[in-house]
Amino acid sequence: MSILEVKHVQKSFGNTEVLKDITFSMEEGTALSIIGSSGSGKTTLLRCLNFLETPDGGTISVRGETLFDAGLHEKAGDEEIRRKRLHFGMVFQSFNLFPQYTALENVMLAPRLLSEEGGKKDEEEEKIREHAEALLGEMGLSNRMNNYPHQLSGGQQQRVAIARALALRPDILCFDEPTSALDPELTGEVLKVIRRLADNHTTMIIVTHEMEFARDVSDHVIFMDDGRIAEQGTPEEVFGNPKEERTKQFLSRYKGSTE
């Protein structure tokens, strides 16, 4: 069974149709990269999956559970939306760390809040801390746990953000252009972490403009154009032998990095 099923998802802002009949699925333990020009709908798709935006049509299912069905015409409450979001961990372009908290506190915050809601704060505190410390260690930040965001480089802040997204053990980890705010040297730090997650079969959706990285790290690639999935397939199919003319045009700009 696929871990994620997206069928006929649509989204408009006013009279502008941003997502048009988006349908795809992915298997557990795989990495899916979504590529395309700015304005093609990539980020809006991620935001719909994370319930930061509500689709106008279609269905979204995780592990066989329907999280969204436009046909039901039921508006989910805040608590239900928070529960649905737990299936997805989101890493944004601009870190979004809380400046008043240390790296460790940023990673522990969401699990702490969740344990408070469940009335288990005291009994789970040590487990939450141990897990957060382990995640920061995996990010190569064992010696930066007590640093505040302003004391960290951009690459280190993004790695804290990745640890924070993993802290709630999501089914699917989502990246929205995770290196767009970083210079080339720091970009390499973050891509190395994502590559290691892929090697460990973390289920991931990666919206990226790093074509060579997308080709190398992904099991499946989607090329979006004007709100539609114009082409999808293995990296070898999409990058090595694209069928659609629009895909060929887009990739020709990255020819030097994809050959």
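**Exercise 1. A leucine in a loop**

Leu168 lies in the loop between α5 (154–166) and β7 (172–176); helices (H or I, at least four residues) and strands (E, at least two) are DSSP runs, numbered from the N terminus. The model is predicted, so local features need pLDDT of at least 70 and side-chain atom pairs count only at pLDDT 80 or more, while totals for chains, interfaces and linings use all residues. Residues are numbered from 1 along each chain as its sequence is written, and side-chain values use heavy atoms, leaving out hydrogens and water.

Task: classify Leu168 as buried, partly exposed or exposed, and name the residues of the nonpolar surface patch to which Leu168 belongs.

Step 1. Buried means under 20% relative accessible area, exposed over 50%, and partly exposed in between (1.4 Å probe, protein chains only).
Step 2. Leu168 counts as partly exposed because its relative accessibility is 31%.
Step 3. Leu168 makes a nonpolar surface patch of about 200 Å² together with Leu86 and Leu114. Residues in a patch have over 30% relative accessible area and no salt bridge (Lys or Arg side-chain nitrogen within 4 Å of an Asp or Glu carboxyl oxygen); nonpolar side chains are joined within 5 Å, like charges within 9 Å.

**Exercise 2. The sheet of 4 strands**

Task: give the strand order of the open sheet of 4 strands, then follow its pairings from β2 to β5.

Step 1. The order is β2-β1-β4-β5, with antiparallel pairing; two strands pair if DSSP finds at least two bridges between them.
Step 2. At the edges are β2 (16–26) and β5 (65–69), each pairing on one side only. From one strand to the next, the twist averages 20°; axes are lines fitted to C-alpha atoms (for helices over the stretch in contact), and angles run from 0 to 180 degrees between N-to-C directions.
Step 3. Between β1 (residues 4–13) and β2 there are 7 bridges, and Val9 faces Ile22 in β2.
Step 4. β1 is joined to β4 by 5 bridges, with Leu4 opposite Val62 in β4.
Step 5. β4 pairs with β5 over 4 bridges, and here Val62 stands opposite Glu65. These two strands form a hairpin with 2 residues between them. Arg63, in the turn, has a positive phi of about 50°.

**Exercise 3. Helix α1**

Task: which strands does helix α1 touch, and how many of its residues are buried?

Step 1. Residues 42–49 form α1, which packs on the sheet and touches β1, β2 and β4 (57–62); contact means heavy atoms within 4.5 Å.
Step 2. The direction of α1 makes about 65° with that of β2.
Step 3. In α1, 6 of 8 residues are buried: Lys42, Thr44, Leu45, Leu46, Cys48 and Leu49.
Step 4. β4 is also mostly covered, with 5 of its 6 residues buried.
Step 5. After α1 comes Phe51, which has a positive phi near 60°.

**Exercise 4. The sheet of 6 strands**

Task: what is the order of the open sheet of 6 strands, and how does helix α6 lie on the sheet?

Step 1. The order reads β6-β7-β8-β3-β9-β10, and the pairing is mixed.
Step 2. β6 (88–91) and β10 (228–233) are the edge strands, pairing on one side only. Neighbouring strands are turned by 20° against each other on average, direction ignored.
Step 3. One parallel pair is β7 and β8 (residues 204–207), joined by 4 bridges. Phe175 stands opposite Ile206 in β8.
Step 4. Helix α6 (residues 184–199) packs on this sheet and touches β7 and β8. Its direction makes about 150° with that of β8.

Terms used. Accessible areas come from the Shrake-Rupley method with a 1.4 Å probe; for residues, only the protein chains shown count as cover.
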